[in-house]
Amino acid sequence: MATEVDTWSTNAPQADGMFSFDNNLAEANHPYNSDEDVNEAEVNGNWTPQEKALHEARLKAKAKRRLRKSSSRNSTSESFSESGDVVGADPNSPKGKVNTNDRKSRTGKGRGLPKKGGAGGKGVWGAAGMVYEDEEPDVRDPNYDESAQGDTVYATVVPEVDERELEKMVNPIVQEYFEHGDTKEVQMLLKGLNLGPHKYEFSSLAVSLALEGKASHRELTSRLLSDLSGKLLSQSDMARAFDKMLKELPDLILDTPEAPQMLGQFIARAIADHILPMSFLDCYKGKVDCDHARVALDRAAVLLTMKREMMRLDNVWGVGGGLRPVKHLIKEMNLLLKEYLISGDVAEAEHCLRDLEVPHFHHELVYETIVMVLESKGDTASHMMIKLLKSFWKTGLITVDQMNRGFERVYNELPEISLDVPHAHSLMESFVDLCYKESVITKQLRDACPSRGRKRFVSEGDGGVIKT
């Protein structure tokens, strides 16, 4: 009986108006029919309470999702149809189609603001008023490309000069300086060398070469050190160089016996030129064990005491070579010849002539030698002078040009010399013959010697022929 009632309740036709409200509500909540809806209508009372509660929760969640979809579809009904096409647009037109790649939201949600406030992003300049600073590339950056970091700049790197090669590179520079005397050229050459911590040794090498050279070389070296001071060399470098020279004096004496006195003069000149500090000598008081170094320091102290009123010891090396006045050179050569006539030392006379450093003025020595022979008495002076000229000729100290020029000057002035020396012509002829025999002069120079002609009158024994 109960079964029949249940069957009737489910399959019996319903009258018009029965369950109308319930059916409309079901259609509103369930606009789409599915298999799950049919199964939900067939729920019987055989479920447990837990299954029933779970089933009800599922139904509520599904109803909420459908309600959310229907509300969003109604909010866009003015712009879009149910199928998603633009209202009033031709579906076959390209402009009427919705761009599927457009990132613009189609849900109508959002605040309507641009993404990120209009700043940042790809292909944009950034926010208005934003100032970007230059960022230095980071070497540790994985994308760092060394070849793309601007133009490559190549710098010339000069390797540091080795201490063993320093002397080979400095000696030619100093020797050339002794020839041209241009300190600016030396400064330019030194700038091209990377001397590094050994630059002080340039001063010691220059002084060592000057000790073995002439007085003019020592004067040039003092000027060079003065010009380089403050530009390439400091006072500490100069002090270090001279300290090294004082320690090397025992070795320098082997080649230059007068090295201690000369080094003392170098130190005095350097202090006067403000190359070395005034306290340089005070640092060595009571601390010097070497006798040669003590001699050099004493020499410098004496010169500074004598020349205290002079700021520069310009004449410590004398006036070099052609810078001396002619009268002074003539006086020096006369003194040289007089000392030779007294001592007879040819080597000393040669040394004195070389110290004058005037090879272009050696013709004056030849001239003074011949005049001294003509004014002397006896044959001793002529033989000694021929010996001296022969020695100078063999050593090459007096050249052919200087020898010829000296004799020619005497030939031209012989008439004036005859006023003081009546027999000058005959003495000159005999002296020229001796010089030719000793191979001091050439045959052309001997034949050029003037002879004083004498008038010979006709005598009875001559046969009426004038003697020649």
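Trainee: Is Lys199 buried, partly exposed or exposed?
Mentor: This is a predicted model, so read each value as computed from that model. Lys199 has a relative accessible area of 31%. Buried means under 20% and exposed means over 50%. Lys199 therefore counts as partly exposed.

Trainee: Which residue does Lys199 meet in a salt bridge?
Mentor: A salt bridge needs a side-chain nitrogen of Lys or Arg within 4 Å of a carboxyl oxygen of Asp or Glu. Here the N to O distance is 3.7 Å. The partner of Lys199 is Asp237.

Trainee: How many residues apart in sequence are the parts that Asp237 and Lys199 tie together?
Mentor: Asp237 belongs to helix H9, residues 235-247. Lys199 sits in the loop between helix H6 (183-191) and helix H7 (201-212). The pair therefore ties together parts separated in sequence by 38 residues.

Trainee: Is Asp237 buried or exposed?
Mentor: The relative accessibility of Asp237 is 12%. The limit for buried is under 20%. So Asp237 counts as buried.

Trainee: Which residue forms a salt bridge with Lys244?
Mentor: The side chain of Lys244 comes within a N to O distance of 3.9 Å of its partner. The cut-off is 4 Å, so the pair qualifies. The partner is Glu201.

Trainee: Which helices do Glu201 and Lys244 tie together?
Mentor: The two residues are 43 residues apart in sequence. Glu201 lies in one helix and Lys244 in another, so their pair ties those parts together. The helices are H7 and H9.

Trainee: What are the relative accessible areas of Glu201 and Lys244?
Mentor: Glu201 is buried, because its value is under 20%. Lys244 is partly exposed, because its value falls between the two limits. The areas are 6% for Glu201 and 23% for Lys244.

Trainee: How far apart are the closest N and O atoms of Glu438 and Lys390?
Mentor: Glu438 forms a salt bridge with Lys390. This pair links distant parts of the chain, 48 residues apart. Glu438 is in the loop between helix H18 (424-437) and helix H19 (443-447), and Lys390 is in helix H16, residues 380-395. The closest N and O atoms are separated by 3.0 Å.

Trainee: Which residues do salt bridges that share partners join into one network?
Mentor: Side chains of opposite charge can pair when their charged atoms come close. In this network, salt bridges share partners, which joins four residues. They are Glu219, Arg223, Arg269 and Asp273.

Trainee: Which residues touch the most other members in the largest nonpolar core?
Mentor: This core has 52 residues. Several helices each supply at least two of them, including H5, H7, helix H8 (215-228) and H9. The residues with the most contacts to other members are Phe202, Phe242, Leu246, Leu263, Ile267 and Leu276.

Trainee: Which helix gives the most to the largest nonpolar core?
Mentor: That core holds 52 residues. One helix contributes eight residues to the core, and no other gives more. That helix is H11.

Trainee: Which sign does the phi of His274 have, positive or negative?
Mentor: Most residues other than glycine have a negative phi. His274 is not a glycine, yet its phi is about 65 degrees. His274 is found in the loop between H11 and H12. The sign of its phi is positive.

Trainee: Where is Ser439 found?
Mentor: Ser439 also has a positive phi, about 60 degrees, although it is not a glycine. Ser439 is partly exposed, with a relative accessible area of 48%. Its place is the loop between H18 and H19.

Trainee: Which residues gather in a patch of negative charge on the surface?
Mentor: One member lies in the loop between helix H4 (49-75) and helix H5 (163-180). At 69% relative accessibility, Glu133 counts as exposed. The patch gathers Glu133, Asp134, Glu135 and Glu136.

Trainee: Which residues form a positive surface patch?
Mentor: Lys64 is one of them, and lies in helix H4. Lys64 is exposed, with a relative accessible area of 59%. The patch is made of Lys60, Lys64, Arg65, Arg68 and Lys69.

Key
Residues numbered from 1 in each chain as written. Predicted model: local features only at pLDDT ≥ 70, side-chain atom pairs only at ≥ 80, totals over all residues. Heavy atoms only, no water. Patch = residues over 30% accessible without salt bridge, like charges linked within 9 Å, V, L, I, M, F, W, Y side chains within 5 Å. Areas by Shrake-Rupley, 256 points an atom, 1.4 Å probe, with all protein chains shown as cover. Lys, Arg positive; Asp, Glu negative; His and termini not counted. Charge placed at Lys NZ, Arg CZ, Asp CG, Glu CD. Helix = DSSP H or I, 4+ residues; strand = E, 2+ residues; numbered from the N terminus. Buried < 20%, exposed > 50% of the residue type's maximum accessible area, 1.4 Å probe, protein only. Core = buried A, V, L, I, M, F, W, Y, C linked by side-chain atoms within 4.5 Å.
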